[in-house]
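Colleague: I'm still getting used to the vocabulary people use for protein models. Could you walk me through how each label is earned?

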Amino acid sequence: MKQQILVVDDDRATREMLGLILKGAGYEVSFAEDGRTAVSKAHDERPDLVVIDGLLPGLHGFLACKAIKEQESPPKVILHTGVYTKPNYKWEAKREHGADDLLVKPAKPDELLACIKKHLSDSYTLPAVKATGECEVERR
């Protein structure tokens with residue numbers, strides 16, 4: 001069974017690009033355009049992982065992340081943002097909103113896939129994080 005990823009971004013081109021990358025890597029992908037829809041779809045569809053923009057209409061991406069992480073058996077959540085790039089946002093996203101990671105836009109396809117694989121696979125250790133906020137993966 002394919003792992004399912006919910007992609008949340010208010011920019012259609014970004015959703016489509018992420019969808020192509022993720023489908024090409026073998027994931028099942030669904031989409032949402034705003035924070036409220038993301039919370040609802042995460043509850044109804046039970047994805048394995050959510051990639052969510054930090055700045056969304058309806059419900060801010062950080063607040064949507066927190067609402068998703070408060071659900072029963074929540075998925076992994078990666079905040080994907082081009083606005084909130086300072087190191088203090090990464091810690092806020094994790095500590096106060098429950099994000100599993102923060103990835104800076106535009107993430108290269110290999111960085112995105114490595115970050116996702118790290119959070120969905122038991123064969124990876126904890127990541128080393130670059131100053132840019134990019135997710136790096138180390139094999140065991």
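Modeller: Sure, and keep in mind that this is a predicted model. Let's begin with Lys41, which has a relative accessible area of 24%.

Colleague: Why is Lys41 called partly exposed?

Modeller: Buried means under 20% and exposed means over 50%. Lys41 has 24%, so partly exposed is the label. Glu45, with 29%, gets the label partly exposed too.

Colleague: What makes Glu45 and Lys41 a salt bridge?

Modeller: The cut-off is 4 Å between a side-chain nitrogen of Lys or Arg and a carboxyl oxygen of Asp or Glu. Here the closest N and O atoms are 3.9 Å apart, so the pair counts. The two residues are four apart in helix α2, about one helical turn.

Colleague: How many salt bridges does the structure hold?

Modeller: Eight. Another one joins the side chains of Asp101 and Lys118, at 2.5 Å from N to O. That pair links distant parts of the chain, as Asp101 sits in strand β5 and Lys118 in helix α5, 17 residues away. Asp101 and Lys118 are both buried.

Colleague: What makes Lys105 and Asp9 a salt bridge?

Modeller: Their N to O distance is 2.7 Å, within the 4 Å limit, so they qualify. Lys105 is in the loop between β5 and α5, and Asp9 is in the loop between β1 and α1, so the pair ties together parts that are 96 residues apart in sequence.

Colleague: Are these two buried or partly exposed?

Modeller: One of each. Asp9 has 1% relative accessibility and counts as buried, while Lys105 has 23% and is partly exposed. Salt bridges with shared partners also join Asp9, Asp53 and Lys105 into one network.

Colleague: On to the helices. Which residues of α3 are buried?

Modeller: Gly61, Phe62, Ala64, Cys65 and Ile68.

Colleague: Why do you say they line one face of the helix?

Modeller: Look down the axis of α3: the buried residues fall within an arc of 160 degrees, so they line one face. They pack against α2, β3, β4, α4 and β5.

Colleague: Why is Leu79 called buried?

Modeller: Its relative accessible area is 0%, and the limit for buried is under 20%, so Leu79 passes. Leu79 is found in strand β4, and its contacts further off in sequence include Phe62, Cys65, Ala93 and Leu103. The C-alpha atoms of Leu79 and Val104 are 8.3 Å apart, although 25 residues separate the two along the chain.

Colleague: Which residues touch the most other members of the largest nonpolar core?

Modeller: Val8, Val50, Ile52, Ile68 and Leu79, out of 21 residues in that core. The elements giving two or more residues to it are β1, α2, β3, α3, β4 and β5. The largest share, four residues, comes from α3. There is also a second, separate core of 16 residues, with Ile5, Leu49, Val51 and Leu112 among them.

Colleague: Why would such residues gather like that?

Modeller: As a general trend, nonpolar side chains in soluble globular proteins tend to be buried together.

Colleague: Last one: how many disulfides are there?

Modeller: Zero. A pair of cysteine sulfur atoms would have to be within 2.5 Å to count. As for cysteines, Cys65 has 0% relative accessibility and counts as buried, and Cys115, also at 0%, counts as buried too.

Note on methods. Residues numbered from 1 in each chain as written. Predicted model: local features only at pLDDT ≥ 70, side-chain atom pairs only at ≥ 80, totals over all residues. Heavy atoms only, no water. Buried < 20%, exposed > 50% of the residue type's maximum accessible area, 1.4 Å probe, protein only. Arc of directions from axis to C-beta. Contact = heavy atoms within 4.5 Å. Core = buried A, V, L, I, M, F, W, Y, C linked by side-chain atoms within 4.5 Å. Lists of a residue's contacts leave out its neighbours within four places in sequence.
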